[in-house]
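This report describes one protein model for a reader who has not met it before. Please consult the sequence and the structure shown below while reading.

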Amino acid sequence: MSDDTIFGKIARGEMDADIVYENSRVVAFRDINPQAPTHVLVIPRKPIATINDIEADDRMLIGEMFLAAKEVARIEGLESSGYRVVMNCGEGAGQSVFHIHLHVLGGRSLKWPPG
């Protein structure tokens with residue numbers, strides 16, 4: 001899998017982003033096309049194209065992504081009001097960058113089903 005996506009460049013520090021949280025394994029930054037008042041993307045530094053490409057050895061990394069989403073929610077003050085965490089898989093589901101990422105959405109009432 002190529003890591004030459006916009007997210008790969010952000011993960012390597014080759015492209016600027018509005019970073020909310022980062023550690024050695026993940027980076028969280030504001031979405032440039034927000035769908036809610038708070039819309040932050042959490043990406044692994046390791047390039048993985050889709051959910052279908054996650055391997056058993058990635059289980060700790062995927063857990064790290066969710067811990068980062070929890071930290072983003074804390075930083076953004078969403079813990080008590082609620083937030084949504086979403087990962088799309090494939091073009092038909094709305095994935096436009098093929099580097100897995102969690103969407104952390106909040107700051108307004110979110111409807112269900114989402115669409």
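The protein carries 12 positive and 16 negative charges, and the mean positions of the two sets are 6 Å apart. In this count Lys and Arg are positive and Asp and Glu negative, while His and the chain ends are not counted. Each charge is placed at NZ of Lys, CZ of Arg, CG of Asp or CD of Glu.

The model is predicted: local features need pLDDT of at least 70 and side-chain atom pairs count only at pLDDT 80 or more, whereas totals for chains, interfaces and linings use all residues. Residues are numbered from 1 along each chain as its sequence is written, and side-chain values use heavy atoms, with hydrogens and water left out.

Two helices and five strands make up the elements of the protein, in the order α-β-β-β-α-β-β from the N terminus. Both kinds are DSSP runs numbered from the N terminus, helices being H or I with at least four residues and strands E with at least two. The radius of gyration is 13 Å, close to the 13 Å that the globule rule gives for 115 residues, so the protein is as compact as a globular protein of that length. That radius is taken over C-alpha atoms, and the rule is 2.2 Å times the number of residues to the power 0.38.

Further totals for the protein are set out here.

| Property | Value |
|---|---|
| Box filled by the C-alpha atoms, along the principal axes | roughly 35 × 30 × 25 Å |
| Buried share of the 115 residues | 39% |
| Exposed area | about 6,700 Å² |

Buried means under 20% relative accessible area (1.4 Å probe, protein chains only). Accessible areas come from the Shrake-Rupley method with a 1.4 Å probe.

The structure holds one aromatic pair. The ring centres of Phe 7 and Phe 29 lie 5.5 Å apart and their planes meet at 70°, so the pair is edge-to-face; rings pair if their centres lie within 6.5 Å, and planes over 60 degrees apart count as edge-to-face. Phe 7 belongs to helix 1 (residues 6–11) and Phe 29 to strand 2 (residues 26–30), 22 residues apart. Both residues are buried.

Val 40 lies in strand 3 (residues 38–44) and is buried, at 0% relative accessibility. Beyond four places away in sequence, Val 40 touches residues including Phe 29, Val 72 and Leu 102, where contact means heavy atoms within 4.5 Å. The C-alpha atoms of Val 40 and Val 72 are separated by 7.7 Å, although their positions lie 32 residues apart along the chain as a separation in sequence.

Methods: Rings of Phe, Tyr and Trp (its six-membered ring) pair if their centres lie within 6.5 Å; planes under 30 degrees apart count as stacked, over 60 as edge-to-face and the rest as tilted. Buried means under 20% relative accessible area, exposed over 50%, partly exposed in between (1.4 Å probe, protein chains only).
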